[in-house]
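Biologist: Before relying on this model at the bench, I should like each term used for it to be justified. May we take the structure one element at a time?

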Amino acid sequence: MRRTVVVIGGGATGVSALLHIAPLPQVARVDVVDPRPPGLGPAFGDPDPALLCNTSLDVTSLRPDGPSDLLTYLGVRGWPVANGTFVPRFLVGQYCRERYLWARDRAAERGATVAHVRDRAEAVRSTGGGYRVELASGASLVASDVLVCAGLSTPRPPDLVRPHLGHEALSESPYPVARLRGLPADARVLVLGTGLSAIDAALVLCSGGRRVTMASPSGRLPAVRTRLTRPERSRLDLSCLGTPGVAPTDRDPAVLRSLVSALAKVAPGLPLRHQVAAGGDPVARLREETELAERGLTAWQDLVSEVIDQVNEHTVDWPPHERSALLARYREAVFRYVSAIPLANARALVGHCDDGLLSVADGSPTRLDRAGDRWRVRWRSGAEDFDHVVCATGLREPRLRVDPPDTLRLESGGAEPTDEERPLVTERLRVRLAADRPEERIWLLGSTSRPRTAIPNYLREAAAHARAVADQWAATPPPLTQEEPDDRSRQPRLVRTGPLVGVPGGGG
Ligand SMILES: Cc1cc2nc3c(=O)[nH]c(=O)nc-3n(C[C@H](O)[C@H](O)[C@H](O)COP(=O)(O)OP(=O)(O)OC[C@H]3O[C@@H](n4cnc5c(N)ncnc54)[C@H](O)[C@@H]3O)c2cc1C
């Protein structure tokens with residue numbers, strides 16, 4: 001028996017999965033289901049050159065080990081890049097797209113088929129010996145194995161704007177940013193959020209001369225870094241996270257000791273307090289941290305990649321509520337340092353603040369109303385009018401809900417599933433539809449693996465998931481039984497679109 005695989009989501013995670021599994025002799029066919037072209041998911045598919053990665057080339061690779069595959073890709077094309085470079089995200093999209101086409105063509109050479117199905121997956125139904133993936137068009141695909149790589153596609157607008165959703169002067173998300181570039185040059189824009197996507201929005205808007213106010217409950221901006229790369233040798237030991245069942249606050253002393261000891265190895269004689277600015281005014285802090293980064297005084301940045309890897313590794317077998325409690329305890333550190341911004345973005349933000357185009361509000365608005373053709377925004381300290389509001393308050397994964405006894409649903413809207421409705425996810429990132437059922441051959445990769453992964457929104461982590469699945473498959477024979485497609489999926493409604501439609505080969 002050979003595997004016929006459905007990959008749900010063809011963004012960077014889906015392409016990484018394809019690169020790892022397509023060469024396996026046991027894989028006969030891979031259908032990549034995505035309404036978007038494979039390789040060009042929302043994270044890296046926006047063509048705007050102003051949007052930079054906040055991860056360096058070294059860790060922004062579809063292959064988690066060895067020299068960065070992205071560095072190689074760009075290097076042979078003549079880009080003047082190094083391991084630490086932060087490149088525009090569209091280049092990562094191009095890289096993913098080309099690697100997808102390459103994997104598809106190599107698979108065809110060995111008689112396997114890779115096809116793009118331009119559709120949205122709504123459910124994965126277990127048929128006993130395999131799966132039927134039900135698509136929004138009404139068609140379905142038969143699979144022996146399903147990889148869910150659905151990324152972060154759904155905006156999470158704050159409650160404040162919910163009554164106004166759909167209004168043309170309200171953007172539910174900054175992406176694609178071409179819409180923001182289309183706003184008048186004299187527009188006054190409120191950006192809700194102060195994290196990475198809010199910074200993308202502010203940079204795009206201010207570069208066209210628009211006046212922007214950013215606002216979030218914390219009013220904090222991320223810290224500034226000059227690189228995010230893997231260390232040549234490990235200096236951090238977070239094995240103190242190895243045991244669940246300890247209250248997050250009780251862990252503080254051990255976690256702090258580990259970080260301070262690692263930092264002393266990275267930058268002897270440079271205490272942490274000399275590498276970060278104290279709290280207070282967010283713009284003053286940004287200015288100070290930009291200067292520290294310019295002077296090379298941000299040694300903490302060389303621990304970030306190890307922190308992510310070790311937090312993910314040591315907490316993978318924790319119960320979900322304990323993982324959430326740990327993340328809540330260190331939310332500030334994750335927001336500011338794990339999700340720090342590249343120096344180039346920080347310099348641009350400081351420049352826009354100096355030019356009077358950008359400000360950061362003290363807290364969130366308390367009310368938002370239409371007043372004529374503008375927005376009336378109320379703050380604790382008064383009111384202000386804006387022409388446009390952009391929600392940059394985060395994107396979320398599709399909701400996964402078990403529809404007993406045999407179906408996993410992927411939902412973009414609707415209510416949050418209850419704990420009982422959520423699928424169980426094993427340490428190997430495999431789904432169980434109920435506690436008394438065995439592991440399914442359904443894997444959750446990248447951001448979709450959040451029920452098991454503490455920090456999943458990082459391409460290096462998604463690529464590690466892809467490699468782990470390929471390693472599991474290479475070490476075990478493919479499933480012995482696979483049901484024949486039932487009547488429903490034998491109908492011509494079985495849609496296979498994309499460049500290799502109808503190419504024979506594989507078949508399982
Ligand atoms: C704006 C932004 C910037 C980011 N920048 C970085 C960065 O610089 N470095 C980094 O390491 N990480 C970054 N990330 C994190 C990023 O989420 C991860 O790196 C991730 O691995 C990206 O790939 P993805 O394929 O998981 O997600 P995405 O790019 O979101 O792609 C997911 C794909 O799944 C498809 N999909 C969703 N639901 C369905 C469905 N039901 N059926 C079919 N298809 C579906 C979508 O159409 C989409 O094409 C960023 C994320 C965002 C949102």
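**Terms and evidence**

Modeller: In this predicted model, the bridge partner of A123 in β5 is E134.

Biologist: How do you know that β4 and β5 are joined, and in which direction do they run?

Modeller: Five bridges join β4 (residues 121-126) to β5 (residues 131-135). Two strands pair if there are at least two bridges between them, so β4 and β5 count as paired. They run antiparallel. A further position to inspect is R125, which stands opposite R132 in β5.

Biologist: What lies between β4 and β5, and what is particular about G128?

Modeller: The two strands form a hairpin with four residues between them. G128 is in the turn and has a positive phi of about 100 degrees.

Biologist: How many bridges join β4 to β21, and why does that count as pairing?

Modeller: Three bridges join β4 to β21 (residues 407-411). Pairing requires at least two, therefore β4 and β21 are paired. These strands run antiparallel, and R125 stands opposite T407 in β21.

Biologist: What is the order of the strands in the sheet with antiparallel pairing?

Modeller: The order is β6-β5-β4-β21-β20, and the five strands form an open sheet. Its edge strands are β6 (140-143) and β20 (399-403). They are called edge strands on the ground that each pairs on one side only. From one strand to the next, the twist averages 20 degrees.

Biologist: Which strands form the open sheet with parallel pairing?

Modeller: That sheet has five strands in the order β3-β2-β1-β7-β24. Each of β3 (113-117) and β24 (442-444) pairs on one side only, and these are the edge strands. Neighbouring strands of this sheet are turned by 15 degrees against each other on average, direction ignored.

Biologist: How do you know that β2 and β3 belong together?

Modeller: Five bridges join β2 (residues 27-33) to β3. The threshold is at least two, so the pair qualifies. The two strands run parallel, with V33 opposite V117 in β3.

Biologist: What lies across β2 and β3, and at what angle to β3?

Modeller: Helix α4 (residues 89-109) lies across both strands and runs at about 135 degrees to β3.

Biologist: Let us turn to the ligand. Which residues come nearest, and how many are around the ligand?

Modeller: There are 33 residues around the ligand, and T13, D34, T55, A121 and L459 come nearest. A residue is counted here because one of its heavy atoms lies within 4 Å.

Biologist: Why are D34, T55 and R120 said to make polar contacts with the ligand?

Modeller: A polar contact is a pair of N or O atoms within 3.5 Å. A polar side-chain atom of D34 lies 2.6 Å from an oxygen atom of the ligand, so this pair meets the cut-off. For T55, the distance from a polar side-chain atom to a nitrogen atom of the ligand is 2.8 Å, which therefore also qualifies. For R120, a polar side-chain atom lies 3.5 Å from a nitrogen atom of the ligand, and so the pair is counted at the limit itself.

Biologist: How much of the ligand does the protein cover?

Modeller: On its own the ligand has 990 Å² of accessible area, of which the protein covers 94%.

Biologist: Which elements give two or more residues to the shell around the ligand?

Modeller: They are α1 (12-21), α2 (42-45) and α13 (459-475). The largest share, three residues, comes from α2. By type, the shell residues divide into 18 nonpolar, ten polar and five charged.

Biologist: What makes the peptide bonds before P176 and P405 notable?

Modeller: The bond from Y175 to P176 is cis, with omega near -10 degrees; P176 is in the loop between β9 (170-171) and α5 (178-181). The bond from P404 to P405 is cis as well, with omega near 0 degrees, and P405 is in the loop between β20 and β21.

Biologist: What is the phi of L429, and what makes that value noteworthy?

Modeller: Phi of L429 is near 65 degrees, a positive value in a residue other than glycine. L429 is placed in the loop between β22 (424-425) and β23 (431-432).

Notes. Residues are numbered from 1 along each chain as its sequence is written. This is a predicted model: local features need pLDDT of at least 70, side-chain atom pairs count only at pLDDT 80 or more; totals for chains, interfaces and linings use all residues. Side-chain values use heavy atoms; hydrogens and water are left out. A polar contact is a pair of N or O atoms within 3.5 Å; within protein, one must be able to donate a hydrogen and the other to accept it, and residues adjacent in sequence count only if both atoms are side-chain atoms. Accessible areas come from the Shrake-Rupley method with a 1.4 Å probe; for residues, only the protein chains shown count as cover. Ala, Val, Leu, Ile, Met, Phe, Trp, Tyr, Cys and Pro count as nonpolar, Asp, Glu, Lys and Arg as charged, and the others, Gly among them, as polar. Axes are lines fitted to C-alpha atoms, for helices over the stretch in contact, and angles run from 0 to 180 degrees between N-to-C directions. Contact means heavy atoms within 4.5 Å.
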